[in-house]
Every structure is written in C-alpha cells, then in structure tokens.
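Biologist: Got a model here I'd like to walk through with you. Can we start with how the chains meet?

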Amino acid sequence: MNAQYLKSKFDAGLEYEAYLATDTQKAQPWRSVYEQVSLTPAQRRLIESFKREMPVIVSTGIWCGDCAQQCPLIQRMAEANPTRIRVRYLDRDVHADLAEQIKICGGLRVPTVIFMAEDFEPVSILGDRTLTRYRAVAARQLGPSCPLPGAPVPQDELDATLQDWLNEIERVQLLLRLSGRLREKHGD
Amino acid sequence: MLMNASFLKRFFDQGVPYEVFVASGEREGHRPQWDERYSRLELDAPQRALVASFTREMNILCLTGTWCGDCALQGAAMQRIAEANPAKINLRFIPRSEDHAELIVKNQINAGYRVPVTWFMAEDFEPISRLGDRTLSRYRSMARKALPEVETAALPPPPADPIREVLRETLDEFERVHLLLRTSTRLRQKHGD
C-alpha cells in the first residue's frame, strides 16, 4: 500500500456530505452524533494551529453503528482546519480492494482510518474503535447490563472518544511537522 | 501497513526476547540506556492488575534498534507490561537490519525507515494494530524544543514524569488491543466465552 495507491483511493473517496447522501435514512444516526458533539476551545485552538496538510482516508459503512458514532467526531475536527485535514470516506464494500488490505483481527472492520503525509506517504492506521469506545463496548458486552441497540451514546463517552481520535490526529500532525523530509521541503 | 498473518508470523519467529535483544547491543555500549529506562518503568499496582486481567493471548513484534533512544523507552515499557502477564503477552524484538529488509521496506512511515514500529497481533497472528514511531507525549516534547513558541502555544503542559507517560500511552494501546481481542466475535466463538 504505497503513496500512489493511497492517492488513487483518496481521489475516489467522497467528502462527508456526499457520503451521507448515499443513504439519507441510514445517515440519520451520523447526523445525530454530529449535532451531539463539539470541540472545546482548547481543542479548536490546537487543530487550528496545524501547519501540515494531512489527507485522511476512512474506510467505513453507512450502516455501521461504530462508524456513525466515530466518523462525525473526525469530521468535526476536520472542519476546524479544512485546508490541513482533508478527509475522504470510502465505502468498505465498494472499495473492497482497500478493505482487504487493512483487515483487523481477520475481519473487514470499520471504521479504519489511514493518515497520510501531504504526498500520500502512509503514516498511521487506526481502527476500528478507540480505547474509550472499547472500554464502553466491553462494559456493555461483558458486563451485567446490555442496552438496547441504537440507545443514545452518553455524552462523556462521545467527548472522550473525540479526544482519543484527536490524540492520534495531533500525533500524526507533529510527526509531519517535525519530519526532516518535510521541513527541508517547506524550509521551516 | 498491517500486513497479513503469515507474513507477520514469519518475522515474529525470527524475533528474540527482550533480554537477548538488549544483550546484542552490549558490545556497542547501547545497553545502559535500556537498563536505565527499564529501572524507571515498573508498573504500579493498578497497571499490574489491569495487565494481569488480560485473558486473550496476543503476539507483539517490535522492529527496533539497540542504538535508538525512543526504542529503549518504548521497548522497556513494553517489556515491563509483558512481564505482568507472560502467559498472555508474547513479545519479541527484531533489529532493523538488512536481514529483515522485506519487513522494513514495506513499513515505511512518512517515507522513512523509522523505529520503533510495533505490530500487535491476535493469538493466530492476525494483525490488530501498528504503532510507530513515537508516542504523542514524545512528539509534544520534541515540538516544544524544536518549534517556535507560537506553534506550540496550543499544546498542553508537559507531563510530570515524561518517562512514565510513555508507559501509560503504551499500556493504553495494550489495553485497547486486548479489548478488541476479548470482544472479537471470531475469538469469542472459538473460545466459547
């Protein structure tokens, strides 16, 4: 999976609104979560300070609950600095060639997110859930209570999951900002 | 980036345990930095209890170099974690050498041959995650030193203990991977739990 391949997949991906338009009914949970979350002033300041362009590919499914609960968080962050964080959403089944190469635990899991440098050189991959999401899911699946499917996500869980994703976005941004290769290229 | 199970197993089988790897750097004088980090990274009681509670086996391969300071820090942290549950955590180290060129070339980060790069795998070597090269706290620390203040003003204050902060970050990924494995339908069916 090299830069050329990743660029071709990025170019074939959809922006957020175009992706949600592929199934307006299934997009409803995505919109609810989007409305439920916002960045804190400190998070917004941090993202606005980013200098390096970082394309992001999200392998996803519009039907997927984990995607509905995590992709809107990524989108909120991207909107805070749209010239630096450019996200494209790729349906897992439409782009099966990509999904096959990023299987997790033997499964075609979504969302799986690929972070790249401005020239699409791969930097990092993260999926399918962050630690906060896993702790919450494990408590539901392995613990004594089991909420109904589609039950609202607690606000503190969403906020902490957003912070998990922001930590990885910030880590990738700093990796790129401090990269000798890119500092030489940009003279900074 | 994540590779496949047979590829990862092939390189895992070529990896060595921590002590053998650290000893391989003795002649060049690389050992003290690993020993120093290790001495400062003992797990506290809640961390030990968390790792001891892991019930799924996980295989971990760290591509690294005895000369590399970040590798010594992350490597020692991973070893401390692995020692808290040796029945479930199988940790191996593999040097960034020509012998492992296939692994190295296929796992460039930002077009560079960076270390450390660590793969977390299920019991059957199916890939779960790839971590590398530095953790967020290490990158923040570097940014504070290397970038103008105007660019780092939005960063949070440094942690009280930067060494143990890397242990915390590394342990977070161990826990995440373990929960992914523990809640995996495929593995729950296999183990009937």
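Biologist: How many residues of chain A are in contact with chain B?
Modeller: This is a predicted model. In it, 31 residues of chain A contact 30 residues of chain B.

Biologist: Which elements of chain A supply at least two residues each to that side?
Modeller: Three helices and a strand: helix H4 (41–48), helix H7 (131–142), helix H8 (155–177) and strand E4 (122–127) of chain A.

Biologist: And which one gives the most?
Modeller: H8(A), with 7 residues.

Biologist: What's the make-up of that side of chain A by class?
Modeller: Nonpolar residues number 17. Charged ones come to 8, and polar ones to 6.

Biologist: Switching to the sheet in chain A. What is the strand order?
Modeller: E2-E1-E3-E4. The sheet is open, has 4 strands, and its pairing is mixed.

Biologist: Which strands sit at the edges?
Modeller: Strand E2 (85–91) and E4 of chain A. Each of them pairs on one side only.

Biologist: How much are neighbouring strands turned against each other?
Modeller: By 20° on average, ignoring direction.

Biologist: Take E1 and E3 of chain A. Parallel or antiparallel?
Modeller: Antiparallel, over 4 bridges. Strand E1 covers residues 54–60 of chain A, and strand E3 covers residues 112–116.

Biologist: What is the bridge partner of A:Val56 in E3(A)?
Modeller: A:Phe115.

Biologist: Which strands does helix H1 of chain A touch?
Modeller: H1 (residues 3–12) packs on the sheet and touches E1, E2, E3 and E4 of chain A. Its direction makes about 70° with that of E1(A).

Biologist: And helix H5 of chain A, what does it lie across?
Modeller: H5 (residues 65–79) lies across E1, E2 and E3 of chain A. It runs at about 155° to E2(A).

Biologist: Over to chain B. How many helices and strands?
Modeller: 10 helices and 4 strands. Along the sequence the pattern is α-α-α-α-β-α-β-α-β-β-α-α-α-α.

Biologist: Why does the radius of gyration of chain B agree with a compact globule?
Modeller: Because a compact globule of 193 residues would have a value near 16 Å, and chain B has 17 Å.

Biologist: What does the C-alpha trace of chain B span?
Modeller: About 55 × 40 × 30 Å along its principal axes.

Biologist: What share of chain B counts as buried?
Modeller: 44% of its 193 residues.

Biologist: Last one. Among contacts in chain B with a separation of 6 or more, what share joins residues 24 or more positions apart?
Modeller: 76%.

Notes: Residues numbered from 1 in each chain as written. Chains lettered and ligands numbered in written order. Predicted model: local features only at pLDDT ≥ 70, side-chain atom pairs only at ≥ 80, totals over all residues. Contact = placed C-beta atoms within 7 Å. Nonpolar A, V, L, I, M, F, W, Y, C, P; charged D, E, K, R; others polar. Rg over C-alpha atoms; globule rule 2.2 N^0.38 Å. Buried ≥ 20, exposed ≤ 12 C-beta atoms within 10 Å, placed from the backbone. Pairing = 2+ DSSP bridges. Axes fitted to C-alpha atoms, helices over the stretch in contact; angles between N-to-C directions.
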